[in-house]
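Have a look at the model below with me. We will go through it by question and answer.

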Protein chains: 4
Amino acid sequence: MTGRVQHDSSVSGLLSLTYRLLVCSRAMASKTPVGFIGLGNMGNPMAKNLVKHGYPVIAYDVFPEACKEFQDLGAQVTDSPADVAEKADRIITMLPSSPNAIEVYTGANGILKKVKKGSLLIDSSTIDPAVSKELAKAVEKMGAVFMDAPVSGGVGAARAGNLTFMVGGVEQEFDAAKELLTCMGSNVVYCGEVGTGQAAKICNNMLLAISMIGTAEAMNLGIRLGLDPKLLAKILNMSSGRCWSSDTYNPVPGVMEGVPSANNYQGGFGTTLMAKDLGLAQISATNTKTPVPLGSQAHQIYRMMCAKGYALKDFSAVFQFLREEETL
Amino acid sequence: MTGRVQHDSSVSGLLSLTYRLLVCSRAMASKTPVGFIGLGNMGNPMAKNLVKHGYPVIAYDVFPEACKEFQDLGAQVTDSPADVAEKADRIITMLPSSPNAIEVYTGANGILKKVKKGSLLIDSSTIDPAVSKELAKAVEKMGAVFMDAPVSGGVGAARAGNLTFMVGGVEQEFDAAKELLTCMGSNVVYCGEVGTGQAAKICNNMLLAISMIGTAEAMNLGIRLGLDPKLLAKILNMSSGRCWSSDTYNPVPGVMEGVPSANNYQGGFGTTLMAKDLGLAQISATNTKTPVPLGSQAHQIYRMMCAKGYALKDFSAVFQFLREEETL
Amino acid sequence: MTGRVQHDSSVSGLLSLTYRLLVCSRAMASKTPVGFIGLGNMGNPMAKNLVKHGYPVIAYDVFPEACKEFQDLGAQVTDSPADVAEKADRIITMLPSSPNAIEVYTGANGILKKVKKGSLLIDSSTIDPAVSKELAKAVEKMGAVFMDAPVSGGVGAARAGNLTFMVGGVEQEFDAAKELLTCMGSNVVYCGEVGTGQAAKICNNMLLAISMIGTAEAMNLGIRLGLDPKLLAKILNMSSGRCWSSDTYNPVPGVMEGVPSANNYQGGFGTTLMAKDLGLAQISATNTKTPVPLGSQAHQIYRMMCAKGYALKDFSAVFQFLREEETL
Amino acid sequence: MTGRVQHDSSVSGLLSLTYRLLVCSRAMASKTPVGFIGLGNMGNPMAKNLVKHGYPVIAYDVFPEACKEFQDLGAQVTDSPADVAEKADRIITMLPSSPNAIEVYTGANGILKKVKKGSLLIDSSTIDPAVSKELAKAVEKMGAVFMDAPVSGGVGAARAGNLTFMVGGVEQEFDAAKELLTCMGSNVVYCGEVGTGQAAKICNNMLLAISMIGTAEAMNLGIRLGLDPKLLAKILNMSSGRCWSSDTYNPVPGVMEGVPSANNYQGGFGTTLMAKDLGLAQISATNTKTPVPLGSQAHQIYRMMCAKGYALKDFSAVFQFLREEETL
């Protein structure tokens with residue numbers, strides 16, 4: 001995509017120059033207003049961190065009550081994504097799913113109705129990377145820039161401002177995006193062209209789900225074969241079975257302190273969210289004809305857990321789900 | 001099992017005393033002969049390390065040619081496991097499968113035909129923990145001691161003498177076992193009662209197989225979605241998807257040096273061996289009614305790989321197996 | 001959806017009346033031209049059967065050479081789907097995938113650019129039922145009628161005119177659709193509202209894939225345990241394991257005559273097509289949060305087969321895929 | 001195995017002759033006593049059918065109370081399997097699992113302690129075919145004959161005397177076995193050498209489990225996509241998805257009468273029994289290195305169902321298990 005700028009012929013060169021000037025005027029203008037659309041569990045603390053860093057925030061949420069708090073904080077509340085786009089040339093969106101993102105960007109009152117040329121639109125939602133690419137195309141047609149920047153880390157990290165952002169998009173825009181994202185996260189990683197931020201996130205979460213279920217299976221089997229859980233965890237962690245789920249977030253109650261398994265699987269990363277991310281991985285794998293035998297099975301397991309009362313428990317509760325014993 | 005010693009009534013107390021004396025006389029007699037049965041790829045370098053540490057070795061293998069080398073090294077070669085048991089009261093066995101172990105211990109010319117009271121029998125084979133327990137019972141009836149001590153680490157570690165041993169059996173015998181095992185390994189871990197050494201090993205390897213396949217799936221999906229493999233590995237390794245298979249033994253050629261994926265998947269831990277260990281995990285899970293949805297799927301995947309020409313490749317070749325693309 | 005017609009208030013009643021008149025004029029006009037878009041392996045013989053039944057056909061295919069044959073048969077060949085819509089008020093589309101269907105209906109030169117009010121548009125492609133619903137909405141906005149009518153039965157059935165059509169859409173339009181579909185199929189089943197034709201097809205094919213793989217696994221296991229394949233098939237077919245894959249389309253060479261397994265898995269229903277349908281089932285299941293543990297695994301197995309050289313073989317070749325034995 | 005009789009040299013010929021005479025004397029002696037070991041849910045009605053057909057029954061069960069009823073019916077109750085073997089030269093065993101069968105045949109008071117030469121021992125338990133083969137070897141050493149003859153059909157069929165027996169063993173003994181088995185079953189099928197009766201049963205049940213889960217998934221997905229369950233069942237049953245689970249034992253309440261799904265999944269074939277049979281299939285597959293990707297997944301699903309309160313429900317309750325919806 002960078003080639004577009006480098007190898008320009010005369011006409012597109014002029015357009016490109018204009019584009020760069022527009023971009024520059026925006027990128028330099030720090031502390032000009034920043035739009036924020038989607039003030040839910042995650043968006044709320046993220047937007048607050050922008051306020052704390054001195055950015056005037058132009059806020060919108062489909063539920064007006066979600067905006068009230070921001071009015072009190074001095075943010076300007078608007079009536080639609082289009083209105084946000086009219087008032088801010090840098091916008092962050094944080095939405096629950098692909099259809100929401102499509103609506104917010106391309107809907108009847110969507111951002112694209114009033115987006116200014118050269119605007120920087122950063123989508124931190126976790127959605128299908130194919131949808132990110134579609135949005136990027138639509139945004140680019142309007143002369144603006146789109147980047148996908150999904151986050152890793154939950155509500156706690158959002159409050160503490162130490163989320164990880166995985167960013168996809170044109171590389172020369174990365175610094176501009178980073179300026180804003182570092183207000184909300186401690187780790188901002190450039191992943192490649194548009195969609196690769198989503199790709200990195202869903203690949204990580206698919207592997208996470210697989211290794212969490214694997215850890216739960218291995219711990220459960222070991223316990224039934226007579227091993228002490230703490231000892232087994234210690235052995236795994238010094239061997240080739242070691243993984244984040246075994247050494248940092250062990251799913252077996254009593255093995256570690258300060259993790260959801262020590263607190264009846266409350267807090268953490270909900271099973272229903274993991275099921276959603278695995279659904280995205282599944283769709284991406286289907287679209288690219290990539291075999292993901294364990295990833296698809298992990299998806300089914302979290303899907304079944306959601307239906308068995310685990311929807312709101314941390315995803316490490318898969319240990320509890322699997323350990324239940326046969327009762328007649 | 002230690003209760004047997006502590007809460008003894010008068011008669012069993014006397015037996016226990018005799019037992020302890022027998023055990024003591026053996027345990028103190030360092031550098032008395034050590035039997036070694038099974039001189040294959042792993043047993044060969046392990047037995048050599050015992051020789052290097054000054055132990056007179058009494059050797060046996062079902063293939064006489066496997067013993068020749070040891071004759072040259074000054075070891076005494078015998079005609080049967082029973083003969084080994086006649087000449088040594090400490091014996092290490094290293095056999096390919098459960099049926100072999102049953103034959104060597106309880107067969108017509110097996111160890112138990114001539115085992116001396118108080119002998120220490122250490123089985124380093126990787127077998128069904130239920131079989132280890134059966135063997136332990138049979139050995140105990142003869143007044144001897146059985147421990148299971150499967151190893152982690154391949155031929156290279158066996159040669160270098162830095163295997164990991166996971167040991168199950170009566171705790172007060174652990175020191176006696178450790179004396180010998182430290183000649184062959186750098187890490188000797190006590191796991192609990194008989195069978196828990198096997199349990200620890202198969203739980204670790206099941207989790208290893210799952211996270212390796214998961215890593216291969218995630219890397220392959222990420223690459224098809226446009227991510228650079230090195231960058232993706234880096235992101236996973238600083239995130240919750242991190243595991244030994246991603247950070248120490250990455251299955252994607254070009255990501256790391258000095259691992260089988262950098263060398264056409266030669267060397268390392270063969271797919272056929274992983275399939276064997278997963279079969280043991282499956283049988284243990286079936287016997288204990290433990291659900292292992294990903295473990296059983298991992299077993300099937302390695303089973304299919306064996307039939308598709310990957311039997312002798314390192315188990316990280318699952319990446320290659322999954323990455324192949326549709327051809328018409 | 002029928003409620004719209006029954007419970008109409010005055011204004012919508014008038015619209016409804018107009019609508020019914022338009023529909024009537026079209027439905028009565030038998031032997032008026034019928035459009036056919038998509039003249040591939042399936043569309044070609046289907047369209048020919050319409051010609052045979054005396055319907056003037058207005059043809060279009062993205063590959064002009066696919067149309068030549070129809071010109072010779074007296075069909076009128078057009079330049080775009082829009083042109084077809086201008087000349088025919090009954091159109092059948094037979095396209096390879098969801099994106100193609102979206103393009104043909106809603107693209108720059110798509111049907112909807114020139115569709116006449118009251119037209120009947122029947123899509124026989126196998127696509128995501130959610131896409132069928134979207135297309136139906138877009139068609140309805142133009143005052144026309146959309147039905148999904150995917151087929152079961154391959155190229156042979158298409159030639160012989162004995163396909164099965166599974167039809168979704170407004171019930172009162174079913175007879176009009178049936179008039180055309182019976183020229184191409186011997187079995188036309190009404191399934192319910194728009195999208196249910198697709199739903200019926202992907203549910204059937206998902207179950208088919210699962211029971212075919214299950215039959216292959218059971219036959220292979222039985223053979224390795226010493227059973228004669230013909231005898232085992234006979235036992236399964238008189239027992240509770242009986243299924244179409246075991247009694248009508250047995251995947252084991254030598255068990256039945258006249259099936260792909262008797263002919264090196266040539267002909268029949270290709271593995272790559274089964275993988276496609278399972279992908280649709282997977283996406284529908286993900287979207288409706290329905291757990292399909294075996295359906296998703298079946299998808300992965302056919303995906304892997306495509307990458308292992310089975311893409312063009314009949315889907316019963318899964319027996320061959322699974323029976324291969326370990327070779328060192 | 002028949003070769004043993006056909007190609008005999010002089011000495012083994014003499015032994016063979018003796019053997020055939022012994023066998024003959026027993027096989028002709030109809031209405032001589034028949035031993036029956038294992039009078040549980042299935043064994044009880046089976047043994048009663050033998051009594052009804054005029055056979056004097058020599059009974060044993062590990063629970064003495066299970067025998068009382070037979071004492072009242074005129075059967076002779078004994079103290080051990082060995083005692084049964086002393087009094088009857090035709091014995092049927094019906095036991096819950098492999099370890100029980102091993103104990104009854106080879107235990108301290110097992111059949112083999114007092115079995116008469118030429119006796120016919122028929123094991124109707126469902127166990128690992130490898131165990132059947134081991135038992136057959138041990139029985140043969142004592143000069144007697146062993147056949148495996150597991151049943152299909154539940155308690156109802158056992159009462160009605162219309163079980164199906166799948167019989168493995170020496171073919172020339174089949175008629176002798178059939179004489180007894182036809183008193184208890186309407187269908188007695190010869191499958192091949194020892195172990196093939198078990199093999200046929202577990203292959204059928206593995207395929208049954210797979211197609212039942214597949215039917216449940218397809219019906220559930222179809223319903224969520226808007227299809228009427230009865231209509232969907234009708235479509236599947238006239239298409240390639242048709243199977244015994246869809247057309248004879250449909251798992252969806254309301255689709256069929258007179259099946260467990262019409263009666264809250266009571267009666268029928270319990271989930272815990274299906275899980276057991278799938279465990280045997282898994283062990284056989286592991287031992288023969290046969291890939292059974294869906295069979296192993298079906299095993300895991302029934303295992304999880306057992307732990308989620310479905311142990312005693314009919315195995316078609318997998319529909320209920322999968323249909324549960326996410327609740328927050």
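Here is a short dialogue on how to read some features of this predicted model.

Q: Where do I start with the fold: how many helices and strands does chain A have?
A: Welcome! Begin with the secondary structure: chain A contains 16 helices and 9 strands.

Q: How do I read the radius of gyration of chain A against that of a compact globule?
A: Set the value beside the one expected for the chain length. A compact globule of 328 residues would have a radius of gyration near 20 Å, and chain A has 22 Å, which agrees. For the outline, a box of roughly 75 × 45 × 35 Å along the principal axes holds the C-alpha atoms of chain A.

Q: What share of the residues of chain A counts as buried, and what do the contacts add?
A: Of its 328 residues, 61% count as buried. Then turn to contacts in chain A with a separation of 6 or more: 64% of these come from residues 24 or more positions apart.

Q: What does the surface of chain A consist of, and how are its charges placed?
A: Chain A exposes about 12000 Å², and 55% of that comes from carbon and sulfur atoms. As for charge, there are 29 positive and 29 negative side chains in chain A, with the centres of the two sets 1 Å apart.

Q: How is the size of an interface given?
A: Often as the accessible area lost when the parts come together. Here, chain C and chain D bury about 5000 Å² between them, and carbon and sulfur atoms give 69% of this area. Three residues, C:Leu207, C:Leu225 and C:Leu294, supply 13% of the area that chain C buries against chain D, more than any other three residues. In residue terms, the contact takes 58 residues from chain C and 58 residues from chain D.

Q: Now a single residue: is B:Ser246 buried or exposed?
A: Compare the relative accessible area with the cut-off, since buried means under 20%. B:Ser246 has 1%, so this residue is buried. B:Ser246 sits in helix H12 of chain B, residues 244-247. Beyond its neighbours within four places in sequence, B:Ser246 is in contact with B:Thr215, B:Asn237, B:Gly241 and B:Met256.

Q: And B:Glu325, is that residue buried or exposed?
A: This time the cut-off to use is the one for exposed, over 50%. B:Glu325 counts as exposed because its relative accessibility is 53%. Look for B:Glu325 in the segment after helix H15 (318-323) of chain B. Not counting residues up to four places away in sequence, B:Glu325 touches B:Arg224 and also C:Ala307.

How values were computed
Residues are numbered from 1 along each chain as its sequence is written. Chains are lettered from A and ligands numbered from 1 in the order in which they are written. This is a predicted model: local features need pLDDT of at least 70, side-chain atom pairs count only at pLDDT 80 or more; totals for chains, interfaces and linings use all residues. Side-chain values use heavy atoms; hydrogens and water are left out. Helices (H or I, at least four residues) and strands (E, at least two) are DSSP runs, numbered from the N terminus. The radius of gyration is taken over C-alpha atoms; the globule rule is 2.2 Å times the number of residues to the power 0.38. Buried means under 20% relative accessible area, exposed over 50%, partly exposed in between (1.4 Å probe, protein chains only). Contact means heavy atoms within 4.5 Å. Accessible areas come from the Shrake-Rupley method with a 1.4 Å probe; for residues, only the protein chains shown count as cover. Lys and Arg count as positive and Asp and Glu as negative; His and the chain ends are not counted. The place of a charge is taken as NZ of Lys, CZ of Arg, CG of Asp or CD of Glu. Buried area is the accessible area (1.4 Å probe) that two parts lose on being put together, summed over both.
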